[in-house]
Amino acid sequence: SGDRDGFSGLYLTLSRANHSCSPNALRSDRNNGMGSRKDLIAIKPINPGDEITISYLTEEMLAESSSQRLGHLRSWGIACQCGACRAQFELTRC
C-alpha cells in the first residue's frame, strides 16, 4: 500500500500478523534517513506456537465497544474473532 511520501513496500513478515483487539505485538515504523523500517515488537509474552497479532485499529478505536470496533473492521472485510470481542459479546448476551 502507498505511504504518505508516495513510496510503497512489501513486508513479508509483517503481513503475516493477523488482527486482534487485544494484540500481543505492535508494529513500529522507523525512518533511518535511508528508508522506512517496520518492526514487530512483543508487548505481551509470546510462547512458541502462539499466533503473533497486531491491531489494525488506532488506540482510539480500540477503546470503543466491540460493535464499534467490528464496524471499523468490517469495512476492510474482517470479522474479528479475538478474545476481547468474544468476551464483550458474552457479557452483552447475558
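Q: Which exposed residues sit on the face of helix 2 turned away from its buried side?
A: In this predicted model, that face of helix 2 carries Ser 67 and Arg 74, both of them exposed.

Q: And which residues of helix 2 are buried?
A: Helix 2 runs over residues 66–74, and within it Ser 66, Arg 69 and Leu 73 are buried. These three cover an arc of only 60° around the axis, which puts them on the same side of helix 2.

Q: Stepping back a bit, what does the secondary structure of the protein come to?
A: There are three helices and four strands in the protein, and reading along the sequence gives the pattern β-β-β-β-α-α-α.

Q: How much of the protein is buried?
A: Of its 94 residues, 22% count as buried. The protein exposes about 7100 Å², and carbon and sulfur atoms supply 52% of that area.

Q: What about contacts between residues at least 24 apart?
A: If one takes the contacts between residues at least 6 apart in sequence, 47% of them join residues at least 24 apart.

Q: Which residues make up the largest nonpolar core?
A: That core has seven residues, namely Cys 21, Leu 57, Leu 62, Leu 73, Cys 80, Cys 82 and Cys 85. Leu 73 has already come up as one of the buried residues of helix 2.

Q: What does Leu 57 touch, not counting residues up to four places away in sequence?
A: Leu 57 touches Cys 21, Leu 62 and Leu 73, which are also listed in the largest nonpolar core, and with that limit on sequence neighbours it touches His 19, Arg 69, His 72 and Trp 76 as well.

Q: Okay, cysteines then: how many disulfides turn up in the whole structure?
A: A search of the whole structure finds zero disulfides.

Q: Why is there no bond between Cys 80 and Cys 82?
A: The cysteine sulfur closest to that of Cys 80 belongs to Cys 82, and because the two are 3.4 Å apart, they are too far from each other for a bond. A disulfide would need the pair of sulfur atoms to be within 2.5 Å. Seen from the other side, the sulfur of Cys 82 likewise has that of Cys 80 as its closest cysteine sulfur, at 3.4 Å.

Q: Is Cys 80 buried or exposed?
A: Cys 80 is buried, with a relative accessible area of 9%, and Cys 82 also counts as buried, at 8% relative accessibility.

Q: Changing topic, where is His 19 found?
A: His 19 is found in strand 1, which spans residues 18–19, and at 11% relative accessibility His 19 counts as buried.

Q: Which backbone nitrogen does the side chain of His 19 reach at 3.5 Å?
A: It is the backbone nitrogen of Cys 21. In addition, a polar atom of the His 19 side chain lies 3.0 Å from the backbone nitrogen of Tyr 56.

Q: What else is His 19 in contact with?
A: Leaving aside neighbours within four places in sequence, His 19 is in contact with Thr 53, Ile 54, Ser 55, Tyr 56, Leu 57, Leu 73 and Cys 80.

Q: Last one: how does Leu 40 sit, buried or partly exposed?
A: Leu 40, which is found in strand 3 (residues 36–42), counts as partly exposed at 33% relative accessibility. Beyond its neighbours within four places in sequence, Leu 40 is in contact with Thr 13, Leu 14, Leu 26, Ile 52 and Ile 54.

Q: How far apart are the C-alpha atoms of Leu 40 and Ile 54?
A: They are separated by 8.5 Å, while the two residues are 14 residues apart along the chain.

Methods
Residues are numbered from 1 along each chain as its sequence is written. This is a predicted model: local features need pLDDT of at least 70, side-chain atom pairs count only at pLDDT 80 or more; totals for chains, interfaces and linings use all residues. Side-chain values use heavy atoms; hydrogens and water are left out. Buried means under 20% relative accessible area, exposed over 50%, partly exposed in between (1.4 Å probe, protein chains only). Helices (H or I, at least four residues) and strands (E, at least two) are DSSP runs, numbered from the N terminus. A polar contact is a pair of N or O atoms within 3.5 Å; within protein, one must be able to donate a hydrogen and the other to accept it, and residues adjacent in sequence count only if both atoms are side-chain atoms. Contact means heavy atoms within 4.5 Å. Accessible areas come from the Shrake-Rupley method with a 1.4 Å probe; for residues, only the protein chains shown count as cover. A nonpolar core is a set of buried Ala, Val, Leu, Ile, Met, Phe, Trp, Tyr and Cys residues joined through side-chain atoms within 4.5 Å. The arc is that of the directions from the helix axis to the C-beta atoms.
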